Amino acid sequence: MERALTQTEASIEAKVSGLPALDIPELYQCVHCGLCLDQCPTYRALHIESESPRGRIHLVRAAAEGRIELNERFASHLNLCLMCRACESACPSGVQYGRIAEAAREILGPPGSPLARAVQRAAFQYLLPSPLRLRIAARLLGFYQRSGLGRLLELALPERLREMQSMMPAVPRRFFNPRSEVMPAIAKNRARVGMLSGCVMSVLFPEVNEATLRVLRLNGCDVVLPKKQLCCGALNVHNGETVTAKAMARQNIDAFLESKLDAVVVNAAGCGAAMKEYGHLLRDDPAYAEKAERFGRLVKDAGEYLFELGPRAPQRPIERVVTYQDPCHLAHGQKIRSQPRELLKAIPGIELREMNGADRCCGSAGIYNLTHPEMSQELLQEKMAAIAETSAEIVVAPNPGCMLQLRYGAKRYGPPVEVLHLMDLLDRAYDANQGFSLR
Ligand code: SF4
Ligand code: SF4
């Protein structure tokens, strides 16, 4: 019988077989108990071992030990994973599956056809690291949408592109553009924090960034928005573009650390999770490893930070039934579940109703809804049905990807709920606290 390799032997194999990215201890922590299986959206949908966390870990380990090839089949199992990290929450052995999947994707690169891979690479390498190029691209997209060209082309487009076009959110006419790099507190000063503007948040959700800024200032924070900050690089990391992701992380670390901050506040769950893990991303960079760890400890989700700070009581009642969707990278990636709920409960008038499977992925998962539309739509329909059961009028989901997906779900499948960020709702509820306008 073939003897299993020890971890040290396998580690040597990984290096020898030219896959040093797979030389990671996380691969050897899985005890195959299977407790993660029922929490995995792809396993629940397909009931196939190779579409489960345990199966994928097994495959990556076999690749690291040189027992299987990194071929198309291998890639398809890894790429069907949503990177939702629900398996991490379920795992009693503390297996950090996300790190295993990211290491494998570093070798595989972005998913899809050669054309789709080239488009993604261009976006990851040239668009996301440049706020200027990103804004130009968003302006062009907005112009395309408003010109009616999209509707005209619709008939000529192949079905897949037509579907993608219908999922595209409307690009607003104005982007997030804070008046100055430091926005002072509008209450007794309690802290000096940085704020990530973000790539998607800046161009598609400027009102959420503005709300976050107002809520922080109203709670006594001087808010620093360094001009040199960039997109966090989460999409790059999840899709195997780690070289660019590392460069973006280094620039963000320098931009924020030079401002002497008490915290770096992030209102997008996926970005917060990625930035908290900069230490892992830059662990082999002697010039940045320590700084990245230090920076990661400063990063706080907006809800997490506000809860820890002790928020001012909002006074304007919002008489609505609300349900809360846990973004995967908040619940599973950052272990933040109670703080946003407590903040919602503090708003007078709100009735918070829990939905079934609030921490199950909605199928957005970065660009997964574009690369794997069938699985994504299946999960979205399941999510919209869970929302419908609550009869909620508002769904709160503090992450741009979830907001886009749920807004699309409300339009396509119903119920016609309003989809908001936690900071939107807090901002509305704070409005009446003011003797003056914050807007
Ligand atoms: S990250 Fe999500 S989709 Fe991927 S294996 Fe884990 S639970 Fe399944
Ligand atoms: S729960 Fe953890 S240890 Fe058990 S099979 Fe899943 S990843 Fe492995």
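How many bridges join β4 to β5, and do these strands run parallel or antiparallel? Three bridges join them, and the two strands run parallel. This is a predicted model. The pair is one part of a wider picture, which starts with the whole chain.

The chain holds 24 helices and nine strands. Its C-alpha trace spans about 80 × 55 × 40 Å along the principal axes. For 439 residues, a compact globule would have a radius of gyration near 22 Å; the chain has 22 Å, so the two agree. Buried residues make up 46% of the 439. Contacts also reach across the sequence. Among contacts with a separation of 6 or more, 77% link residues 24 or more positions apart.

Four domains divide the chain. Domain 1 covers 7-108 and domain 2 covers 114-167. Domain 3 follows at 182-308, and domain 4 at 313-433. The C-alpha centres of domain 1 and domain 2 lie 32 Å apart.

Now turn to the ligands. Ligand 1 is surrounded by 14 residues. The closest are C40, P53, C81, C84 and C87. Three helices each supply at least two residues of this shell: α2 (41-46), α3 (53-64) and α5 (86-90). By class, the shell around ligand 1 has 10 nonpolar, two polar and two charged residues.

Ligand 2 has 15 residues around it. Of these, C30, C33, C36, R54 and C91 come nearest. Both α3 and α5 supply at least two residues each to the shell around ligand 2. Which helix gives the most to this shell? It is α3, with three residues. The shell around ligand 2 has 11 nonpolar, three polar and one charged residues.

Next comes the sheet. It is open, has five strands, and follows the order β1-β3-β2-β4-β5 with mixed pairing. Why is one side of β1 and of β5 left without a neighbour in the sheet? β1 (182-183) and β5 stand at the edges, each with a single partner strand, so one side of each has no neighbour there. Strands of a sheet pair through backbone hydrogen bonds, either parallel or antiparallel.

Follow the order from the β1 edge. β1 pairs with β3 (residues 221-224) in the antiparallel sense, over two bridges. Here V182 stands opposite V224 in β3. The next pair is β3 with β2 (residues 191-195). These two strands run parallel and are joined by four bridges. R192 stands opposite D222 in β3. At the other edge, β4 and β5 bring back the opening question: they are parallel, with three bridges. V266 stands opposite D301 in β5.

One helix ties several of these elements together. Helix α18 covers residues 302-309. Which of its residues are buried? They are A302, G303, E304, Y305 and L306. These buried residues pack against two strands of the sheet, β4 (263-266) and β5 (299-301). They also pack against three helices: α12 (206-218), α20 (338-345) and α24 (422-430). Just after α18, G310 takes a positive phi of about 90 degrees.

Notes
Residues are numbered from 1 along each chain as its sequence is written. Chains are lettered from A and ligands numbered from 1 in the order in which they are written. This is a predicted model: local features need pLDDT of at least 70, side-chain atom pairs count only at pLDDT 80 or more; totals for chains, interfaces and linings use all residues. A residue is near a molecule or strand if its C-beta atom, placed from the backbone, lies within 6 Å of it. Ala, Val, Leu, Ile, Met, Phe, Trp, Tyr, Cys and Pro count as nonpolar, Asp, Glu, Lys and Arg as charged, and the others, Gly among them, as polar. Domain bounds come from an automatic or database domain assignment. The radius of gyration is taken over C-alpha atoms; the globule rule is 2.2 Å times the number of residues to the power 0.38. A residue is buried if 20 or more other C-beta atoms lie within 10 Å of its own, exposed if 12 or fewer, and partly exposed in between; C-beta atoms are placed from the backbone. Two residues are in contact if their C-beta atoms, placed from the backbone, lie within 7 Å. Two strands pair if DSSP finds at least two bridges between them.
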